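Open your viewer, set the cartoon to a colour you like, and keep the selection box handy. We will go from stop to stop, and at each one you will hear what to select and what is there.

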Amino acid sequence: MDALSQYEGFFAEFYDILHSSYDADLQMYLGLAREYGDPLLELGCGTGRLLIPLAAAGHEITGVDLSRDMLARCQEKLDIEGEAARRHVTLVQADIRRFELGRKFNLIMAACNTILHCTATPDLLAVFAKAREHLADDGVFVVDFCIPNVKAMIESSGEEEVFEVIHPVRGTRIVDTYKASFDFTRQIETIHTHLQEWDERSLIRSARSHTERGIYFPREVALALRYSGLTIAKTWKGYRRGPLVETSQDIVYICRSAL
Ligand SMILES: C[S@@+](CC[C@H](N)C(=O)[O-])C[C@H]1O[C@@H](n2cnc3c(N)ncnc32)[C@H](O)[C@@H]1O
């Protein structure tokens, strides 16, 4: 579970730029927060893509993340958001496999593929055990992740992809050169990323990262949840709470403590 380089410095900023308008899952989490109530805990809260709108809606939320740079960007955005949202938020820099907050939560979330950073099974079990330990008796732990699209993975494995984004503040060009390879024996995705920021024809900065992510199928995650003392109360296809069908791309497990 060595995900940090992907979330440091230029990469933290790039994550924030790339995901600033992504909110496909937000309504689902706002609905769950209304349903199960405060306090909320987000594991791997990152730059606050979900945490900030949840706090702005009046929810009391704690965000845990290992990356100082992701948390710093989250804090910067909270400062802009103002006192109303800020006073509902606690940010904690810690490893989601081994944190201790000394309190229980009604809704715990591991959103947006965060669990895929658990490249080894003991990492996944450790995160789930921590979620269960911090879960209130009537609370739910929500995990969402992409179902591996094996055909697309095989076809794209080792292929370099390049895409560009315009920096929303500076107007510079960010070029992301991205190569993912999939090892189905180890069930590991290896990602090489090269980021460059260009002002007209001058290179302003560049950074490289090498990250591994786990490849998990729904049944494996379900088994790990059960092994960690959690029962799956509901399974949804994607973020619209639909039933799981053959073509589902995202899966959401709503779990309760088994005891
Ligand atoms: C895919 S991002 C998701 C961020 C945010 N939840 C969102 O929906 O935009 C995964 C986050 O998990 C964090 N992370 C990865 N491994 C971690 C670990 N072992 N402990 C704490 N945070 C971790 C990363 O720093 C990153 O911010």
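## First stop: helix 1

The buried residues of helix 1 pack against helix 4 (68-81) and against four strands: strand 6 (160-166), strand 7 (173-183), strand 8 (188-199) and strand 9 (202-214). Before you go further, keep in mind that this is a predicted model.

Select residues 9-19 to light up helix 1 itself, which is mostly covered, with 9 of its 11 residues buried. To show the buried ones as sticks, pick F10, F11, A12, E13, F14, Y15, D16, I17 and H19. Keep Y15 on display, as this residue comes back at the ligand, where Y15 is among the closest residues.

## Along the loop to Y22

Now move on to Y22, in the loop between helix 1 and helix 2. Is Y22 buried, exposed or in between? Its relative accessibility is 31%, so Y22 counts as partly exposed. Show R49 and Y239 as well: Y22 touches both, leaving out residues up to four places away in sequence. If you draw a C-alpha to C-alpha distance from Y22 to R49, expect 8.2 Å, for two residues that are 27 apart in sequence.

## Helix 2 and what follows

Select residues 26-36 next. Here 8 of the 11 residues of helix 2 are buried, so the helix is largely enclosed by the rest of the structure. The buried set is L26, M28, Y29, L30, G31, L32, A33 and Y36.

What should you switch on to see the cover over these buried residues? It includes these elements:

- helix 3 (51-56)
- strand 1 (40-43) and strand 4 (105-110)
- strand 5 (135-146), strand 10 (230-237) and strand 11 (250-257)

Then step past the end of the helix. Helix 2 is followed by G37, with a positive phi near 80°. Select D38 and P39 together and look at the link between them: a cis peptide bond, with omega about -5°. P39 belongs to the loop between helix 2 and strand 1.

## The ligand

Time to centre the view on the ligand. Which residues are closest to it? In a surrounding shell of 20 residues, the closest are Y15, E42, G44, R49 and D65. You have already met R49 as a contact of Y22. Colour the shell by class and you should find 11 nonpolar, 5 polar and 4 charged residues.

Three polar distances are good ones to draw:

- D65: a polar side-chain atom lies 2.6 Å from an oxygen atom of the ligand.
- I96: a backbone N or O atom lies 2.9 Å from a nitrogen atom of the ligand.
- L66: a backbone N or O atom lies 3.1 Å from a nitrogen atom of the ligand.

Switch on a surface to see how the ligand is covered: on its own it has 600 Å² of accessible area, and the protein covers 97% of that.

## H88 and its surroundings

Jump to H88, in the loop between helix 5 (83-86) and strand 3 (89-93). H88 is buried because its relative accessible area is 18%, under the 20% cut-off. Its contacts, leaving aside neighbours within four places in sequence, are A55, G58, H59, E60 and I61. For A55 there is a distance to draw: its backbone oxygen lies 3.4 Å from a polar atom of the H88 side chain.

## Cysteines, and a loop with two positive phi values

Select the cysteines. How many disulfides does the structure hold? The count is 0. Why is C74 not bonded to C45? C45 holds the cysteine sulfur closest to that of C74, but at 5.2 Å the two are too far apart for a bond. C74 counts as buried because its relative accessibility is 0%. C146 is in no disulfide either, and its nearest cysteine sulfur, in C112, is 8.0 Å away. With 34% relative accessibility, C146 counts as partly exposed.

Stay with C112, in the loop between strand 4 and helix 6 (121-133). C112 is not a glycine, yet its phi is positive, about 55°. Its relative accessibility is 24%, so C112 counts as partly exposed. For the last selection, take N113, found in the loop between strand 4 and helix 6. N113 also has a positive phi, near 70°, without being a glycine. N113 is buried, with a relative accessible area of 14%.

Methods
Residues are numbered from 1 along each chain as its sequence is written. Side-chain values use heavy atoms; hydrogens and water are left out. A residue is near a molecule or strand if one of its heavy atoms lies within 4 Å of it. A polar contact is a pair of N or O atoms within 3.5 Å; within protein, one must be able to donate a hydrogen and the other to accept it, and residues adjacent in sequence count only if both atoms are side-chain atoms. Accessible areas come from the Shrake-Rupley method with a 1.4 Å probe; for residues, only the protein chains shown count as cover. Ala, Val, Leu, Ile, Met, Phe, Trp, Tyr, Cys and Pro count as nonpolar, Asp, Glu, Lys and Arg as charged, and the others, Gly among them, as polar. Buried means under 20% relative accessible area, exposed over 50%, partly exposed in between (1.4 Å probe, protein chains only). Helices (H or I, at least four residues) and strands (E, at least two) are DSSP runs, numbered from the N terminus. Contact means heavy atoms within 4.5 Å. A disulfide is a pair of cysteine sulfur atoms within 2.5 Å.
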